[in-house]
Amino acid sequence: MTVTIYGIKNCDTMKKARSWLEATGIDYSFHDYKSAGIDRAHLETWCDAAGWETVLNRGGTTFKKLDDGKKAELDRDKAIGLMLEQPSMIKRPVLEAKDKITVGFKPETYQTLFA
């Protein structure tokens with residue numbers, strides 16, 4: 001089984017998710033989209049699976065600092081464009097495992113997925 005976790009290296013939530021995977025003995029690869037970037041195909045797949053409203057991190061500082069014009073009339077394509085420009089606007093982590101996309105980290109969600 002291929003497990004890939006996407007996020008930013010120094011994010012506290014990422015650290016919790018990676019620690020959970022390691023403690024559970026699940027091998028995974030880590031993709032830091034702040035340093036390595038992310039492509040449109042991944043964002044489109046994630047938005048199709050989880051909804052762009054879930055994938056876009058509106059609670060983060062990067063999104064909050066945007067001018068109102070960029071925040072106005074958000075839709076899927078506009079949200080994907082924003083996330084491509086500034087990957088730190090992607091909610092963390094995004095986990096690809098068992099042909100599923102999981103956005104965010106909750107131990108019980110991971111436990112159910114890997115049960």
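**Entry 1: threonine 102**

I began with the contacts of threonine 102. Leaving out residues up to four places away in sequence, threonine 102 touches Pro93, Val94, Leu95, Thr109, Tyr110 and Leu113. I note here that the model is a predicted one. I placed threonine 102 in strand β4, which covers residues 100-103. Is threonine 102 buried or exposed? I read a relative accessible area of 13% for threonine 102. Buried means under 20%, so threonine 102 counts as buried.

**Entry 2: strand β1 and its partners**

Next I looked up strand β1, residues 4-7. In a regular strand, side chains point alternately to the two faces of the sheet. I checked both faces of β1 and found each of them covered. Thr4 and Tyr6 lie on one side, Ile5 and Gly7 on the other, and all four residues are buried.

Which way do β1 and β2 run relative to each other, parallel or antiparallel? I found them parallel, with 4 bridges joining β1 to β2, residues 29-32. In this pairing I see glycine 7 opposite aspartate 32 of β2. I then followed the chain from β1 through helix α1, residues 12-23, to β2, and recorded a right-handed β-α-β unit.

I also looked up the pairing of β1 with strand β3, residues 94-97. These two strands run antiparallel and are joined by 3 bridges. Isoleucine 5 is the residue I found opposite leucine 95 of β3. Leucine 95 had already come up in my list of contacts for threonine 102.

**Entry 3: tryptophan 52**

I turned to tryptophan 52, which I found in helix α3, residues 52-55. Its relative accessible area is 13%, so I put tryptophan 52 down as buried. What does tryptophan 52 contact, leaving aside neighbours within four places in sequence? I listed Cys47, Arg58, Leu74, Asp75, Arg76 and Ala79. I also took the C-alpha separation of tryptophan 52 and aspartate 77: they are 25 residues apart along the chain and 8.8 Å apart in space.

**Entry 4: cysteines**

Cys47 in the tryptophan 52 list sent me to the cysteines. How many disulfides does a search of the whole structure find? I got 0. Why is cysteine 11 not bonded to cysteine 47? The sulfur of cysteine 47 is the closest cysteine sulfur to that of cysteine 11, yet it is 18 Å away, which is too far for a bond. The cut-off I needed here is 2.5 Å between the sulfur atoms. Going the other way, I found cysteine 47 in no disulfide, with cysteine 11 holding the nearest cysteine sulfur.

I checked burial for both. Cysteine 11 has 13% relative accessibility and counts as buried. Cysteine 47 is at 5% and also counts as buried.

Terms used:
Residues are numbered from 1 along each chain as its sequence is written. This is a predicted model: local features need pLDDT of at least 70, side-chain atom pairs count only at pLDDT 80 or more; totals for chains, interfaces and linings use all residues. Side-chain values use heavy atoms; hydrogens and water are left out. Buried means under 20% relative accessible area, exposed over 50%, partly exposed in between (1.4 Å probe, protein chains only). Two strands pair if DSSP finds at least two bridges between them. A crossover is right-handed if, with the strands pointing away from the viewer, the path from the first strand over the helix to the second runs clockwise. Contact means heavy atoms within 4.5 Å.
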